[in-house]
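Work through the exercises below with the structure open beside you. Try each task before reading its solution.

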Amino acid sequence: MNSWLSPRIIVAFALALVGAIFADQMTGSAERILVIFVSMLIALFIVADPHDREDVPEETVKPTASDTEVPAISSHPQLQAFIDSSADAILMVENARVTAANQVALRLLGTNIVGQNVRMAFRHAGAIERLSDPDAQHSGHPIRLTGIGQKNQLWDMRIQTMGPSQKIVHLADRSGTQAAEKMRVDFVANASHELLTPLAAIKGFIETLDDPAAGDDAATRGRFLGIMATETDRMQALVRDLMSLSRIEAEKYDPPQTPVDFSDIVMETVDQLRNSQKDRGTDIVIDVTADLPSVMGDAGQLRQLASNILNNALKYGRAGTPVTVLLGRSRSGAMINFSVTDVGDGIAPEHLPRLTERFYRVDSGRSRLVGGTGLGLSLVKHIIDRHRGHLEIRSTIGKGTTVAVLLPVVPTGPS
Ligand code: ADP
């Protein structure tokens with residue numbers, strides 16, 4: 001109360017008044033002074049009571065449970081803050097009723113769950129089964145549950161018995177693990193499918209050639225053997241890329257330690273393509289800055305990176321148009337900039353973020369026709385990550401595509 005006439009001040013005045021009347025009855029002036037002094041002192045103490053809650057500055061007043069947004073798991077504010085800072089949902093359940101919950105739990109299950117029965121709060125058969133019996137004992141081992149919150153979210157639920165009918169429930173989101181597992185399963189399924197397709201074709205042609213009616217005709221035989229050779233090459237390329245991918249993935253936390261001349265690697269790759277691809281090789285135009293610094297790299301992997309990017313430009317660029325290779329220093333000078341630009345159909349913007357996913361193709365038929373495995377850019381991305389570099393793909397529909405790579409140069413120490 002902020003009023004001047006608070007009960008405390010009225011009592012103090014009354015006491016001072018009683019003291020004054022009492023002093024008036026006294027005969028000696030020394031006794032009068034003593035009585036007045038003592039009554040005034042007591043009045044002063046009453047007015048300035050240090051335990052008075054109203055005199056404590058506002059910020060030091062402890063919040064009560066009803067003041068805070070979340071009902072306190074503990075009356076200890078530091079423990080409450082600690083539990084609220086957890087990325088996992090934490091709840092207290094007593095006699096199958098939620099008695100407290102941290103912020104994550106409130107966001108997950110609803111802001112009104114405190115006080116509710118576990119059936120209402122969780123709305124999940126697996127969780128209800130384990131929490132509705134107050135006397136059940138729990139070991140604290142995680143139980144995997146799907147569908148709490150969002151349909152495809154995966155949770156590890158741990159229940160710890162605290163006292164009679166009292167449990168602490170801890171829910172950890174494991175949806176990320178599920179996504180990684182799904183990616184692994186998808187990859188195995190995709191790789192098997194990619195290998196089975198050429199294998200089925202080869203098997204079919206063997207059976208056909210085994211039939212004397214088709215196998216004895218030299219022209220048919222030659223054509224079928226040609227297709228079988230192409231399919232075998234496809235399988236070989238795929239197995240080679242799969243092996244490279246697993247090798248690079250195994251080394252991704254182990255950055256290369258050897259200085260490598262990336263200009264030499266690019267020049268060698270261009271020469272090799274000019275010789276091997278008679279129809280397209282001569283379209284390569286190259287502009288390389290002289291005396292570029294080395295990069296800390298794995299020569300074999302950088303050769304594969306240059307080859308995959310150049311091969312894509314030759315495969316997907318329009319025949320007879322230039323494929324322009326630029327190699328120079330980045331603006332800051334701390335990186336080497338390698339870019340390959342083709343003139344072609346380009347790639348629609350919605351595909352760009354997904355091009356480095358394994359087996360992602362814009363046009364599967366076209367990729368297979370030109371001998372693509374669907375792993376080229378995924379390998380490029382892994383190699384760049386291992387070299388602590390950067391990849392950018394820019395494309396305009398109907399005009400063409402630029403794939404640009406930045407690789408850090410070998411740092412020069414202070415001279
Ligand atoms: P692929 O073996 O199929 O070429 P990549 O991983 O190298 O696989 O590339 C993924 C997809 O990206 C290709 O299938 C193709 O659709 C698209 N792509 C890659 N490079 C280019 C490019 N220069 N121009 C147009 N599309 C491209």
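Two strands pair if DSSP finds at least two bridges between them. The model used here is predicted.

**Exercise 1. Follow the strands β3, β4 and β5.**

Task: Find how many bridges join β4 to β5, and which residue stands opposite Met-157.

Solution:
- Start with β3 (residues 143-146) and β4 (residues 154-163). Four bridges join these antiparallel strands.
- Locate one facing pair. Arg-144 stands opposite Asp-156 in β4.
- Move on to β5 (residues 166-173). Eight bridges join β4 to β5, and the two run antiparallel.
- Now find Met-157. Leu-171 in β5 stands opposite Met-157.
- Look at the turn. The β4 and β5 hairpin has two residues between its strands, and Ser-165 there has a positive phi of about 65°.
- Return to the facing pair. Arg-144 and Asp-156 belong, with Arg-174, to a network of salt bridges.

**Exercise 2. Trace the pairing around β10.**

Task: Determine which residues are the bridge partners of Leu-326 and Met-335.

Solution:
- Take β9 (residues 323-329) and β10 (residues 335-341). They pair in the antiparallel sense over six bridges.
- Read across from Leu-326. Its bridge partner in β10 is Ser-339.
- Check the connection. Five residues lie between the strands of this hairpin, and Gly-333 takes a positive phi near 85°.
- Turn to β12 (residues 400-408). Seven bridges join β10 to β12, again in an antiparallel arrangement.
- Read across from Met-335. Pro-408 is its bridge partner in β12.

**Exercise 3. Sort the salt bridges.**

Task: Decide how far apart in the chain Arg-361 and Glu-194 are, and whether each is buried or exposed.

Solution:
- Begin with the total. The count comes to 18 salt bridges.
- Pick one. The side chains of Arg-361 and Glu-194 meet at 2.8 Å, N to O.
- Place both ends. Arg-361 sits in the loop between β10 and α12 (364-369), and Glu-194 in helix α7; they are 167 residues apart, so the pair links distant parts of the chain.
- Apply the cut-off: buried means under 20% relative accessible area. Arg-361 has 13%, so Arg-361 is buried. Glu-194 has 10%, so Glu-194 is buried.
- Contrast the setting of another pair. Arg-234 and Glu-231 form a salt bridge of 3.4 Å, N to O. Both lie in helix α9 (residues 218-250), three residues apart, about one turn of the helix.
- Test Glu-231 by the cut-off. Its relative accessible area is 13%, so Glu-231 is buried.
- Add one more pair. Arg-280 and Asp-283 meet in a salt bridge of 2.7 Å, N to O. Both residues are buried.

**Exercise 4. Describe the second largest pocket.**

Task: Work out how many residues line the second largest pocket, and how they divide into nonpolar, polar and charged.

Solution:
- Note the volume. The second largest pocket has about 280 Å³.
- Count the lining. There are 13 residues, and Met-183, Glu-249, Lys-252, Arg-358 and His-382 lie nearest the pocket's centre.
- Name the contributing elements. α7 (175-210) and α13 (376-386) are those that give two or more residues to the lining.
- Sort by type. The lining has three nonpolar, three polar and seven charged residues.
- Assign the domains. Domain 3 (176-250) and domain 4 (256-415) each supply at least three residues to the lining.

Notes:
Residues are numbered from 1 along each chain as its sequence is written. This is a predicted model: local features need pLDDT of at least 70, side-chain atom pairs count only at pLDDT 80 or more; totals for chains, interfaces and linings use all residues. Side-chain values use heavy atoms; hydrogens and water are left out. On a 1 Å grid over the protein atoms alone, a cavity is a set of points where a 1.4 Å probe fits but cannot get out, and a pocket is an open set with protein on both sides within 12 Å along at least five of seven lines; lining residues have an atom within 4 Å of a point. Grid points are joined across faces, edges and corners, and a volume is the space filled by probe spheres set on the points. Ala, Val, Leu, Ile, Met, Phe, Trp, Tyr, Cys and Pro count as nonpolar, Asp, Glu, Lys and Arg as charged, and the others, Gly among them, as polar. Domain bounds come from an automatic or database domain assignment. A salt bridge is a side-chain nitrogen of Lys or Arg within 4 Å of a carboxyl oxygen of Asp or Glu. Buried means under 20% relative accessible area, exposed over 50%, partly exposed in between (1.4 Å probe, protein chains only).
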